[in-house]
Amino acid sequence: MSQMKNTLLLVTRTGVGKVAFTETETTFNQDICAVIPDSKRLDKRYLFRFLDSRQQYFKQNSRGAVIKGITRFYLNSLGI
């Protein structure tokens with residue numbers, strides 16, 4: 001999947017919980033999720049800080065026998 005510059009990315013497997021903004025148009029794999037909030041309801045810089053502060057929580061709640069990860073369902077259930 002390709003995303004525009006300044007898209008918020010969240011690692012959902014292997015390096016669970018790491019967040020970053022893209023600096024250029026970027027292509028990524030299934031281990032990374034683009035998080036695109038409704039800009040009228042939530043500032044993406046705030047969301048970045050919130051997700052970044054939850055890294056340990058994501059790691060503790062990741063699941064999998066060989067490769068640990070969190071699901072999109074899990075992300076959608078987060079209260080912000």
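Which residues of the largest nonpolar core touch the most other members? In this predicted model, they are Leu8, Leu51, Phe58 and Leu75, out of the 15 residues that the core comprises. Two or more residues are given to this core by each of strand E2 (8-11), strand E5 (32-35), helix H1 (44-53) and helix H3 (72-76). Helix H1 supplies the largest share, namely four residues. In soluble globular proteins, nonpolar side chains tend to be buried together. The surroundings of leucine 51 illustrate how distant parts of the sequence meet: with residues up to four places away in sequence not counted, leucine 51 touches Leu8, Gly17, Val19, Val35, Phe58 and Leu78.

The chain as a whole contains five strands and three helices, and the order along the sequence is β-β-β-β-β-α-α-α. Its radius of gyration is 12 Å, close to the 12 Å given by the globule rule for 80 residues, so the chain is as compact as a globular protein of that length. Along the principal axes, the C-alpha atoms fill a box of roughly 35 × 25 × 20 Å. Of the 80 residues in the chain, 34% are buried. When contacts between residues at least 6 apart in sequence are considered, 48% of them join residues at least 24 apart.

Aromatic side chains were examined next. Four aromatic pairs are found in a search of the whole structure. One of these pairs is formed by phenylalanine 58 and tyrosine 74, whose ring centres are 6.3 Å apart and whose planes stand at 75 degrees; the pair is therefore edge-to-face, since an angle over 60 degrees defines that class. Because phenylalanine 58 belongs to helix H2 (residues 55-60) and tyrosine 74 to helix H3, the pair ties together parts that lie 16 residues apart in sequence. Both partners fall under the 20% limit that defines a buried residue: the relative accessible area is 0% for phenylalanine 58 and 16% for tyrosine 74. Phenylalanine 58 is also one of the core residues that touch the most other members. Ring pairs further link Tyr57, Phe58 and Tyr74 into a cluster. Within this cluster, tyrosine 57 has an additional partner, as the charged end of arginine 54 sits over the tyrosine 57 ring at 4.3 Å from its centre.

Two serine residues provide contrasting environments. Serine 62 is located in the loop between H2 and H3 and counts as buried, with a relative accessibility of 8%. Its side chain reaches the backbone oxygen of lysine 59 at 2.9 Å. Apart from neighbours within four places in sequence, serine 62 is in contact with Val16, Lys68, Gly69 and Ile70. Serine 53, by contrast, lies in helix H1 and counts as exposed, at 55% relative accessibility. Between the C-alpha atoms of serine 53 and alanine 65, which are twelve residues apart along the chain, the separation is 25 Å.

Notes
Residues numbered from 1 in each chain as written. Predicted model: local features only at pLDDT ≥ 70, side-chain atom pairs only at ≥ 80, totals over all residues. Heavy atoms only, no water. Core = buried A, V, L, I, M, F, W, Y, C linked by side-chain atoms within 4.5 Å. Buried < 20%, exposed > 50% of the residue type's maximum accessible area, 1.4 Å probe, protein only. Contact = heavy atoms within 4.5 Å. Phe/Tyr/Trp six-rings, centres within 6.5 Å; stacked < 30°, edge-to-face > 60°. Lys NZ or Arg CZ within 6 Å of the ring centre and 35° of its normal. Polar contact = N/O pair within 3.5 Å; in protein donor to acceptor, adjacent residues only side chain to side chain. Rg over C-alpha atoms; globule rule 2.2 N^0.38 Å.
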